[in-house]
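Biologist: Could you take a close look at a single part of this protein for me? I'd like to see how that part sits in the whole.

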Amino acid sequence: MEGCPPGLEVSQKLIQAELDKRRPSGEHETARRETDQVEILSGVFRGKATGAPICLLVWNREVDSSPYEEIRWTPRPGHADYPAYVKYRGYNDYRGGGIFSARLMVGVVAAGAIAKQILKRVGVEVLAHVVEIGGVKIKREPSIEEIREETYKTPLRCLDPEASKEMLRRIEEAGREGDSLGGIIECFALNLPPGVGEPIFGSLDADVAHALFCIPAVKGVEFGAGFKAARLKGSENNDPYRVENGKIVTETNNAGGVLGGLSTGMPLVVRVAFKPPSSIGKPQKTVDLRSLKEVEIRVKGRHDVCFIPRAVPIVEAMVACVLADHLLAEGYVKT
Ligand SMILES: Cc1cc2nc3c(=O)[nH]c(=O)nc-3n(C[C@H](O)[C@H](O)[C@H](O)COP(=O)(O)O)c2cc1C
């Protein structure tokens, strides 16, 4: 990470705490047991950023590349294998999905821990939780306090216990069937001052969406009312202004905290849709790249039935990194 304000509190413990949120833990998750111990190589001295680039290192300890030899010539449906084979002319490292593996997000979560420290300086907080898995939606909107305090204490990172039970049931069922499930994560950024963003091409929502689409398996990003806004009338979708404790606020937040690519001062609300993991136990059709014959494969290896809970800290980290960049570049953070 470059451009970190000197004097910013950065410690191994602080980064480790974020990485620990990403680690697989539940039964529905991969059997890989990554410890993800972070080492700080440079840029931090006596617990403070020095202003020089910060280099962090996390070793991939739990490696088993054996199942991947079989799929070398038979691209897995839903994975990046085929377009990567074409683009990199067969030289791509296909083991574990190579650069397309969500393992790459370890670096993002580590960077996000530092970005969150930068955000703290201006009182901005980023929180996320699971709102849908396998078509099961939460029926109750949790409060911000609940999301802040409880999310990481729940196994599915979901704050509706009834919905969680049904989600878990569906995950187990999908697992038994050799199948997988996707879901939706909602993320809030609180206390963002109004006017942050650099229209047109550095619009805040555009930058946040860009970062979120860089997370593997993300298929949709929506702000505020999102796709539902297309079905509302202007009179229903507009957020009326009013004054609260001398501050301009809006009565509703269909905009999701952004207008014209600039923050409104209301919470930034973004939802991220993830597809189900592509690696499933069921037989699937593919093509042998050598013979161009259609063949059937079964994907082996240690995969998640549902990785949505593990993507929560990744979503938070991506949003935190984008906001930290904007706030630094636009002079909100004293360096
Ligand atoms: C936290 C996380 C864990 C993932 N774990 C798996 C997995 O175990 N098996 C799998 O097939 N895909 C998994 N994925 C998704 C793949 O990495 C992704 O679908 C694949 O690289 C193709 O990229 P695309 O879906 O963005 O097009 C995971 C994604 C995330 C965010």
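**Helix 1 and its surroundings**

Modeller: Sure, and keep in mind that this is a predicted model. Among contacts in the protein between residues at least 6 apart in sequence, 71% join residues at least 24 apart. Let's see how that looks around helix 1, which runs over residues 12–22. Which residues of helix 1 are buried? They are Ile15, Gln16, Glu18, Leu19 and Arg22, where buried means under 20% relative accessible area. These residues cover an arc of only 160° around the axis, so they sit on the same side of helix 1. And what covers them? The cover includes two strands, strand 1 (38–42) and strand 4 (55–58). It also includes two helices, helix 3 (105–121) and helix 8 (308–329).

Now zoom out. Helix 1 is one of eight helices, and the protein has 15 strands besides. Of its 335 residues, 46% count as buried, by that cut-off. How does the overall spread look? For 335 residues, a compact globule would have a radius of gyration near 20 Å, and the protein's 21 Å agrees with that. Along the principal axes, the C-alpha atoms fill a box of roughly 70 × 50 × 40 Å. On the outside, the protein exposes about 17400 Å², and carbon and sulfur atoms supply 54% of that area. As for charge, there are 45 positive and 45 negative side chains, with the centres of the two sets 3 Å apart.

Definitions and conventions: Residues numbered from 1 in each chain as written. Predicted model: local features only at pLDDT ≥ 70, side-chain atom pairs only at ≥ 80, totals over all residues. Heavy atoms only, no water. Helix = DSSP H or I, 4+ residues; strand = E, 2+ residues; numbered from the N terminus. Rg over C-alpha atoms; globule rule 2.2 N^0.38 Å. Buried < 20%, exposed > 50% of the residue type's maximum accessible area, 1.4 Å probe, protein only. Contact = heavy atoms within 4.5 Å. Areas by Shrake-Rupley, 256 points an atom, 1.4 Å probe, with all protein chains shown as cover. Lys, Arg positive; Asp, Glu negative; His and termini not counted. Charge placed at Lys NZ, Arg CZ, Asp CG, Glu CD. Arc of directions from axis to C-beta.
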